[in-house]
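Visitor: I am new to this structure and would be grateful for a guided introduction. May I see it before we begin?

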Amino acid sequence: MQNELLTLLPKVTPRRLWNAAKIFASYTLSKAIKSPVVWGKPISVSYEPTNYCNLRCPECPSGLRSMARPTGTTDDLDTYRQLLSELAAESLYVQLYFQGEPYLNPKFFEMVETATAHNLYSSTSTNAHYLTDEHCKHTIDAGLDKLIISIDGTTQQSYETYRVGGDLETVLEGTRNLIAWKKKLNARKPYTVFQFVVFAHNEHEVEEVKRLGEDIGVDQVTIKTAQVYDFKAGNALIPSESVYSRYEKQTDGSYQIKSSLEDHCWHLWQASVITWDGRVVPCCFDKDAKYETGRLTENRFAEIWTSEKYQAFRQAVLRGRKNIDICQNCNEGLTVFAD
């Protein structure tokens, strides 16, 4: 096992540090004066390779096929390349996922290679059903820095309860493929993470997944609380152990999120999200791009980042975050278990 900092530090430059300092300073000032001020560029950006998915997870818009925006795949990489060229000197991190399964995009490896060419820290999140021997080697050769593998069960029964249509053995085999190629190539990257989302049906497997990750040889196992859409009247997916839940049962039997939903959000200053077709949205909770702030097919990112629409959304959060629908089930400011 290795430390993630060993893959991140080579990407840190004085200019990127200065940009991060400017972003933090402007965020702090904005909270104080209750008005959005933005100095610098986002520290990280998420770019969606596709919003297609092979699984049918019941709390995921991609899995439910319920997304209001179009379903598709980033085919023309010119917009993506232009974005990275614009941001690379000052931004640090590109996350190649939002909704969907990234490995379904045939040009996924080209996207990784472009990030690598700009010395940007790159990561993705996968359900690991496409980690074939060939794809694992290509992942390493392309220079991916971090790979998050979703594994929400240590038995097929518990795994497929949420990962509907998935096969646990395929996930484990793909992970072993990757670890084997890392050893064969003497590669330190990608930093490999098992991500275990805790539900009522798998909360008894938390310690087991840690042991499984250690046995297979991943670098880290993270335990993540689950976002549940219909939670106020309770939901069968909510864990019984409060420490693993984002939601708290009230005296009247209803549930509420464990967050005060204070009127600020670090994400709106330090990151941005771009859909497969170039729509810029303020955060990853805007699954349907309801609060679209612009399109990279029409304007450069710098124009959108401080545009009237983007600033209006930041202002709305600073004035009343509880009034914004996508913020009401957000994990920003949550006080829950994290590993």
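Guide: The following exchange concerns cysteines and a sheet. This is a predicted model, in which local features need pLDDT of at least 70, side-chain atom pairs count only at pLDDT 80 or more, and totals for chains, interfaces and linings use all residues. Residues are numbered from 1 along each chain as its sequence is written, and side-chain values use heavy atoms, with hydrogens and water left out.

Visitor: How many disulfides does the structure hold?

Guide: A disulfide is taken as a pair of cysteine sulfur atoms within 2.5 Å. The sulfur of Cys330 lies 5.6 Å from the closest cysteine sulfur, in Cys265, which is too far for a bond. For Cys136, the closest cysteine sulfur is in Cys53, 18 Å away, again too far for a bond. The number of disulfides is 0.

Visitor: Is Cys136 buried or exposed?

Guide: Buried means under 20% relative accessible area, exposed over 50%, and partly exposed in between, with a 1.4 Å probe and protein chains only. Cys136 has 0% relative accessibility, so Cys136 counts as buried.

Visitor: Which strands stand at the edges of the sheet?

Guide: Strands are DSSP runs (E, at least two residues), numbered from the N terminus, and two of them pair if DSSP finds at least two bridges between them. The open sheet has 9 strands with mixed pairing, in the order β6-β5-β4-β3-β2-β1-β9-β10-β11. Each edge strand has a single partner, so one side of it is left without a neighbour in the sheet; these strands are β6 (220-225) and β11 (294-295).

Visitor: Which residue in β6 stands opposite Phe196?

Guide: Strand β5 (residues 191-198) pairs with β6 in the parallel sense, over 6 bridges. Opposite Phe196, in β6, stands Ile223.

Definitions and conventions:
Helices (H or I, at least four residues) and strands (E, at least two) are DSSP runs, numbered from the N terminus.
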